[in-house]
Every structure is written in structure tokens, then in C-alpha cells.
Amino acid sequence: MAIKEDIERGNDSVFESAAVSLLQDENDMAGKEDGYTDQTSSKASLWTVYFSTFVAVCGSFEFGSCAGYSSPTQTAIRTDLSLSLAEYSMFGSILTFGAMIGAITSGPIADFIGRKGAMRTATGFCVGGWLAIYFAEGALLLDVGRLATGYGMGVFSYVVPVFIAEIAPKNLRGALTTINQLMICTGVSVAFIIGTVLTWRTLALTGLIPCAVLLFGLFFIPESPRWLAKIGREKEFEAALQDLRGKDTNISKEADEIRDYIETLERLPKAKMLDLFQRRYLSSVIIGVGLMVFQQFGGINGICFYVSNIFETAGFSAAVGTIIYAILQVVITGLNTTVIDKAGRKPLLLVSSTGLVLGCILSGVSFYLKDHNLALDAVPILAVTGILIYISAFSAGMGAVPWVIMSEIFPINIKGVAGSLATLVNWFGAWAVSYTFNFLMSWSSYGTFILYAAINAGAILFVVTLVPETKGKTLEQIQAAINA
């Protein structure tokens, strides 16, 4: 599931979403917007930054809660409300359609009413959505609620990493922005685990908890200083920056650099979508969009949304399998944040894609054996092993690394619109896979996993032949490698 700071803020930058690393690396590559000496920040200022980050990532946790809701509730909702497979597939997948709309509007909302205002807007949609799901007596209200939570999720996917990147000192930005992805995985995992013991209506109410914490916390944290500077609210800009850096910290240098950086961005030409298909940009666009295609069409959202049903179909305990899946996802994602800058992007992608192929093959074999009444005792263990290898492999590379590479391969003048295109492809893929998964499983359970294995095998070839290693290289070196 798998989500960047747009540097152009124009009409073309409407699809920015949960790309933590795009925010982090874009600010690093864009120049010296944040070149002050971080050591001058006081401990009090760090407390403000940490608390502000904690409040913001409640939105990330809410994102995960929305994404993880459909898996442990499938059987109960279909039974209680007599939903057909098609109706439940619509319920599960319409979340990503709402997120697509949220991603479209998140940039303009965050620019118009601020980062905190955008977070309040997203929270309002999530609250309304969870209440609609809780009171639903049929498919219509369920879908309305799911669409609303999806919209909130889409806004969160953009505004949370933007806000964190804009308030954090440079020496903390990398660590703090990775918390966004970690909290998304944690939200998914918590929904999986508590969904095994709570009713589906009660589980919907638990989605209100991070919303409440976020709404309350927003009263006590400053607005993004960069947004305040961008709209010309100078006194509030300096007050917010001083609050974040500490009352005894000299912020004049950083404030001047932020102003200069914003002025530079305003002078950049606004790229159009058609500009992406010029020969000099085409290789970067193929790599960025191609990675998003393989990330989503390799099956992650189908498996994530309906993992409990997969375990049940294979004859394994849905509760036990889901809990193991949830814990493993958080652990691997947490470990991945510590090695991505050491191991390199390309090796992680190759190892991850290979693991995805292996996981799909094992799951496919298990369902093949079941369908043909062969070695039935081995079916559950093969299925759960395959799924756990799959999610471990995805969390180790294919989940986050495509966003990191996307942040590094696009030239600065097209980064906003190119990121918009890649994010649109990503959300469309998430919707397509989550909607078709149950139908594919009805067609052929083992055939579904073999199809995903083939797509992930294609990802290996794509990475080997087209994706450059970007670790430790400047933007100019990356561009030279891509265009060679």
C-alpha cells in the first residue's frame, strides 16, 4: 500500500500522496533551503517537533486503520448484511477510489487552508465515514462510509509527510518522515489484530480514536512555517519557526533561506502533463511510472485487503494468520527504514521482487493442491508461508523503494507533475487490484497467485534492465545515468 512535497504548487500538482522519501530527498536535492546549523536547536524545540510529528502521524495511523478494515471484517459483514461477493468487492475497493479523489484535491486544500486545515478536513471525512459504516444496514451506506474514509485517507497521504518535512530540522527530517510509513503499517496491523476479536461495527468505532487524538492535538502545535511564508504571513511564519526551533535559537538564517527558496520555486516554469513525453524526460517517466505499475499490480492490495479470507480458504486459522501477518509487516517495515541508505535501492528491489515471486508461487501451489485434492495436509502451511514471505518481501523493498526512487529520478522542473502522474497510476492500480481480487480468486485461486508471480517476475526484469542505482548520487549524476 502501499504514498511528497510538490515544489511547484501549480494546477498540475494535484496527485501528490504518501511518498515519504519524495519529501525527504526532494528537499535535499532542491538546494540549500535548510542549510542552517541544527546543533543550535534546543531540547525544548525538539520536544515541539516531536510532539507535532506525533500529532501528524495520527493521520498516518488513521490511513492504516482505513486500509486494514476490510480484511478481518469480510465474513462478518457479508453474513450480517447479506452482501454478494460483488457488493463486498465494491465496498473493499471503493476506498482506493475515494483516496484517488482525496489525492487530487489534497494539494489545493493544503495550499488554501494550510496543512493543519487539511488534516482537520481529512479527519472530518474519516469521522463521517466511520459513523456511516457503523450505522449501515445495507450496501449503500457502507459504500458511502468507505468512500468518505478513502477520501480522508487520500488527503492524509499527502499532507502528513508534507507537514513533517516542513517542520523538521534537516538532521531529523529523514528519521521523522519514515515514521509516516511505519505508522501506516502499524495502523493496518492493529486493525488486523483487534479485528479478530471485535465485531465489525465496534472495529469501525476504533477508527475514531486516532481522529480524536489528531483533532485535539492540532490545537497545540504550530502551522507549517513554510506554508505561512508562502502565503505572506510573515509574523506568524517567524513565530512558528521560532516555536519549532526553540526560543533561544537564532532562526534568521533559516528564515532567509526559506524565503529565498520559495521565491526560487515561484520563478520555476510550470510543467504540463504533455511535457513528460519529451524525449529528455521519457526514461525517467517510464522508470517512475513503471515501478508504480509493478508495485500495485503485483497484488499487494488484493492480498492486504482480503488476507483473512485467503487464510480461511486455505484452511488456516484466519485469526492466527492475520496476527502473524500484521506483526511481521510492522517489524520488516521498521527494519527497512534502517537499511535503505546502506544496501542501495536496486538490490532491495531485486531481493523484494524475488521474494514476491516465491511467495506467490508457494501460495499458488497450495491452492493448486487443494483444488486437486493433493497433499491436503500441506495446503495450510504452504499458503501461510507463501503469504508471510510475500508481505515480508513487499515490506522489505517494493513497498517504499519505488517512492524513494521516484523522488530521485525526476528533474526538479517536472517533479510535481511527474509525481502526480505516478501517484495517479498507483491509486488506479490499488483500486483495480482490490476490486478484481475476489473475482480472480473465484475464477482460479491458484491461477490468481501465478498471475501475480508472473507480474513480479516482470518487475525483476524491469529493475535489472531499466532502473539505475541512485544511492549516494547527485541529481545530475542520476540524470546522466538515466539518459546514457
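Where is the place of Asn373? Asn373 sits in the loop between α16 (345-371) and α17 (379-398), with helices taken as DSSP runs (H or I, at least four residues) numbered from the N terminus. Everything here comes from a predicted model, where local features need pLDDT of at least 70, side-chain atom pairs count only at pLDDT 80 or more, and totals for chains, interfaces and linings use all residues. Residues are numbered from 1 along each chain as its sequence is written, and side-chain values use heavy atoms, leaving out hydrogens and water.

Back to that loop: phi of Asn373 is near 55 degrees, a positive value in a residue other than glycine. Asn373 counts as exposed (over 50% relative accessible area, 1.4 Å probe, protein chains only) because its relative accessibility is 59%. Ala375, in the loop between α16 and α17, has a positive phi too, about 45 degrees, and is not a glycine either.

On to the rings. The structure holds 21 aromatic pairs, meaning Phe, Tyr or Trp rings (six-membered ring for Trp) with centres within 6.5 Å. Phe63 and Trp427 make a tilted pair, 6.4 Å centre to centre with 40 degrees between the planes; tilted covers whatever is neither stacked (under 30 degrees) nor edge-to-face (over 60). This pair links helix α2 (residues 43-68) to helix α19 (residues 415-443), 364 residues apart. Phe63 is buried (under 20% relative accessible area) at 2%, and Trp427 is buried at 4%. Tyr69 and Phe91 are edge-to-face because their planes stand at 75 degrees, with centres 6.3 Å apart.

Note on methods:
Helices (H or I, at least four residues) and strands (E, at least two) are DSSP runs, numbered from the N terminus.
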